[in-house]
Each structure stands twice: as C-alpha cells, then as structure tokens.
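Grab a pencil and work through these exercises with the structure open beside you. Each task comes with a solution that goes step by step.

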Amino acid sequence: MSEYNFAYLDEQTKRMIRRAILKGLAIPGYQVPFASREMPMPYGWGTGGVQVSAATLTPDDTFKVIDQGADDTTNAVSIRKFFEKTGGVAVTERTAEATVIQTRHRIPEEPLKEGQVLVYQVPIPEPLRFLEPSEVETRKMHALEEYGLMHVKLYEDISRHGHISTAYAYPVKVEGRYVMDPSPIPKFDNPKMEMAAIQLFGAGREQRIYALPPHTQVVSLDFEDHPFDPSKAAHPCDMCGAGDSYLDEVIVDDRGGRMFVCSDTDYCRARREAGHRGRLAAEEMA
Amino acid sequence: MKDLGVMQPLLRVEGLSRSYGSRIGCADVSFDLWPGEVMGIVGESGSGKTTLLNCLAGQLEPDGGAVLFDQGGVLVDTVTMPEPQRRRLGRTDWAFVHQHAHQGLRMNVSAGGNVGERLMAVGARHYGDIRDQALDWLGRVEIAGDRIDDRPSAFSGGMRQRLQIARNLVTGPRLVFMDEPTGGLDVSVQARLLDLLRGLVREMGLSAVIVTHDLAVVRLLADRLMVMKDGHVVETGLTDQVLDDPQHGYTQLLVSSVLQV
C-alpha cells in the first residue's frame, strides 16, 4: 500500500481530472477533454472510469464495482482489488452502503441517494460518431445544437426494423441542451438517470469526461409516432421473482432450457434474503 | 411580381474576391440573381468557377466583398453573418448539389434517411410524415418507392445524383447551388437529369447558380450566363445571346470548341 500514492494516480493528475469533472458538472452533458493517463489495464477495461474513480475517492469512501450489474465478474473484481490495494478503501457489494460505485453497462436497480457517486466506464463518448466521422464537425454540431443527425439514426432503425432497435447506448438530451451518449447501459436504465446521485462518465481512450449533477433532466430521444420504450424481457426473475428489474437470459442446457435472472446481483441477493422466491429458486436452494 | 417597384434581387454579390496566397481564385465578381432566375457560370478548369460557388454558398471564406441574400425583404450579408445563422441558411433556404454525389450524400444511410435528414434538421419529429415526404420526393426524382430503404451505395451514378437533388430540395429552398451536376454521367443519363432539373426549377420557381464547363447544360437550364477566365468574369449576358453571339475572345474560343456531332 505504501508503494502507491493514494488511489494510484499522483496528486497533480487527480487535480487535473477533478477540474474536468467540475467543468463537466457545470455544463451537464458537455464532453470535457482531459489528459487521460495510461493505467495498468488495457483500454476498454474501464481506464476512463478508473481515473474518474481515483480522482473522486477519499480514504473514508466505500467503493463498489459492477460489470453488467454483477459484482463478481473479472472486470469488477480486478478494479475493486485495484483500489483496495492502491487506496486501502473499504469495499462493498451492497449498493446502499457504497459512496462511490463504478459501473460498466448498468445502473443499480436500487435507487441511488444523495451523497452517492456513480462512475460510468465509457467506450465512445460521442453519440454522433458513427454518423459523422469528423470530430471537428461533431464539436461544431454540439456547439450549435444541430442534432437532426441523431434522429437520422433512429429513423434508420425504424425503417429497417419497424421500431427503434437501439437497445443500449440510447441517446439522450440533457437539460434540453446537449445530446449525450449514456454509455452502453440498456435503454431500460435511461429513465433512472434522473436521480439524486452524481453521475460521472469517463472515457479513457477517447480522453473525455462528462457529468450529470443530481436531478438533471434527461430525456431519451424519440419520434412522436414512435415514442421511447424502456423495454425489458417479459418475465419475472427466476431467482427472486422481481418483476421490475433488468434480466439476463441464461441458457441452462442444450435442449432449449433457459432462465431469466436479475442482472443486478446485489438486488437479487437482497430480495432473496428478504424471502422472495422465483420460479427456479427452490431447486437452487436445495 | 405584384409590385415591380420594390422588387429586389434574391442574391446580390458585390466585389467578391478570393485568392490562394499570391494566386487568384476569383477576383472582383459582382452580379445580381433575381427570384426564379437560373444563372450559369462557365469557364475552363481552374478559371475560379468552383471557388466562386463555394464562396457564395458559405463553404469558403472570401477575402473581400459581400454576398447579400434576401431575408424577409432585407438583403443580409452572409459573409459577416454569425456562423450558426449561415449554417441554418445552408439547410433551409439554400441547397448545394455536389458534382460527386457521395460528397453530398451519407452513403451509409438509406435513401429515405438521406432525404429525411434535412427535415429532421429543421425539427421534424414524426416518422410517418418524414417517410411520406421522402417517398413523395423519391417519386419526383424518378426513384422507385421500393428503393427507399436501400443505401446510396447500391444506386447507380445517375440515381445517386437524383437522390442528392431530392435530399436538397425537400425543405423547399429558394436558392440552389450546383457544382457540375451532370459531371461524370453518361449522355443519356445526363439528358434525363437535365430534364428533371429543368422541370423542378420551373415548377418550384427556384433560383439557381450552376457551375459547369458543359455549354449544353447552361443552354438548357440557364437564363443568364457568366463566362470566367483566370478568376475574372470576362463576359455576361443572356444565355442565348452569349452562346450565339460571343463577344470576348475566350468565349468565342469556348463556343467554337464544342464538338458538333
């Protein structure tokens, strides 16, 4: 522990990142460039989120990491261990007890409270990127609020599939101003983004940070005749019976057997501890 | 046309100049374009036609001069106008048809999306309406409705050019800039495209500035002609007048250079 500065990054770097975070909070949805550092993990594994977490953590914080909602996947475990080792911070798997939560691809089911910080790992921060390859042009489009192109993407979805088929990284408009990529969270999570906690987004390879202050208005883009639909699988969780959570589909044998379970492992565990049972929970318990 | 006394030009160009270092792009170009009028600009390669067109359309910043455009009866200088306003003009009152369709189209977006983009850029948010308008416009430029979900990369050169025209005209612009709209197309496709353009220009009462080196194009489309050489305008006049009775030496050369088949 003593070989590292607290939370790995040096203090100058953390100050630089904090300035970017503050600027991001002041202009919700605006992508702030920052001098992203090399981290001891490959790009795509959350280098942006890790740097934001490192600049946000204090020794008193309790840290939680989820990857696709789960606390026990490789990515989540290694990042949690990283900050245990380099920062000596307390860690938890319980959403309510965490003060800083780093996430990849999900927002926890349990509503977050004031005082909590949710840090997203972002692969590609620019929502217009796949339609407009020029960074100069997309910056200008953001500056001048020219967002017609974003609807072209949704139009293409409907013309090809009959409905808006974008199911993750669904573009949102923040406070009626900036169009923002919410990182690859399922669109089911989009309505949760108007929350009491602070949300920070870090893209390490692309060197961008953006942020949402608490209770910021976040509207998912849509058409008048094709309104936004935060869809989910039409099943309850087979473990805890929850009907309101986002589900993973798990293939359980080679004869077409499948089960649906909460992608948020902490939420599912808490419900089962409270006595809730799903369709397949009995044999699981036995 | 009700009150000729207060009629004013749609576009007024005053002393427009643009140079590339010590080389002249175009120098001291002035003209008026009236509502419903089509102006042709002809000249050889490197004579400054495209530079002039790009300066007019706000895609290139001129070194000097003014490009005044009619907005609600007032002529406003588009060169000094703030960029957001100029870009808004670019997707509402103005249209730009490129020589190469791939410059003016999004090749990875379907034909319907290409036509709908300008509608969505000005605030259309009803999918059904956007699609109906796109279908209507594809029909007007003679593209079959069942191609609406195909990408332009699956279209022939002539179809791409027609799609580009549909995409530009869907918001009902008042002024269209065209840079060699028939360049690179074979003659029969050219003829169809010219027919189509002539029909649309007349039907919608469009004003247009057409840059070309093809005298047949201006003969068919343009009311007035401007001949450029080495960045300067050497002769202007009614199209038939200039082509049938060229005064300037270069214009005479140009007219006599056309092969008679």
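**Exercise 1.** Find how many helices and strands chain B has, and work out why it can be called as compact as a globular protein of its length.

*Solution.* Step 1: count the elements, taking DSSP runs numbered from the N terminus, with helices (H or I) of at least four residues and strands (E) of at least two. Chain B has 10 helices and 10 strands. Step 2: take the radius of gyration over C-alpha atoms and set it beside the globule rule, 2.2 Å times the number of residues to the power 0.38. For the 261 residues of chain B the rule gives 18 Å and the radius of gyration is 18 Å, so chain B is as compact as a globular protein of that length. Step 3: look at the box along the principal axes, which is roughly 55 × 50 × 45 Å for the C-alpha atoms of chain B.

A quick word on the ground rules: this is a predicted model, where local features need pLDDT of at least 70 and side-chain atom pairs count only at pLDDT 80 or more, while totals for chains, interfaces and linings use all residues. Residues are numbered from 1 along each chain as its sequence is written, chains are lettered from A and ligands numbered from 1 in the order in which they are written, and side-chain values use heavy atoms, leaving out hydrogens and water.

**Exercise 2.** Now do the same for chain A: how many helices and strands are there?

*Solution.* Step 1: chain A comes out with 7 helices and 12 strands. Step 2: its radius of gyration is 19 Å, close to the 19 Å from the globule rule for 286 residues, so chain A too is as compact as a globular protein of that length. Step 3: the C-alpha trace of chain A spans about 60 × 55 × 35 Å along its principal axes.

**Exercise 3.** Describe how chain A and chain B meet.

*Solution.* Step 1: count the residues in contact (heavy atoms within 4.5 Å). Each chain gives 22 residues. Step 2: get the buried area, meaning the accessible area (1.4 Å probe) that two parts lose on being put together, summed over both. Here that's about 1900 Å², with 54% on carbon and sulfur atoms. Step 3: look for salt bridges (a side-chain nitrogen of Lys or Arg within 4 Å of a carboxyl oxygen of Asp or Glu). There are 5 between the chains, including one from B:Arg91 to A:Glu146, whose closest N and O atoms are 2.8 Å apart. Step 4: see which elements of chain A take part. α4 (135–143) and α5 (148–161) of chain A each give two or more residues to the side that touches chain B, and α5(A) has the largest share, 9 residues.

**Exercise 4.** Describe how the two domains of chain A meet.

*Solution.* Step 1: find the bounds, which come from an automatic or database domain assignment. Domain 1 of chain A is 11–220 and domain 2 of chain A is 247–285, with C-alpha centres 28 Å apart. Step 2: 12 residues of domain 1 of chain A touch 7 of domain 2 of chain A. Step 3: the two domains of chain A bury about 730 Å² between them, 36% of it from carbon and sulfur atoms. A:Gly69, A:Arg94 and A:Glu109 supply 46% of the area that domain 1 of chain A buries there, more than any other three residues. Step 4: the salt-bridge rule finds 0 across this interface.
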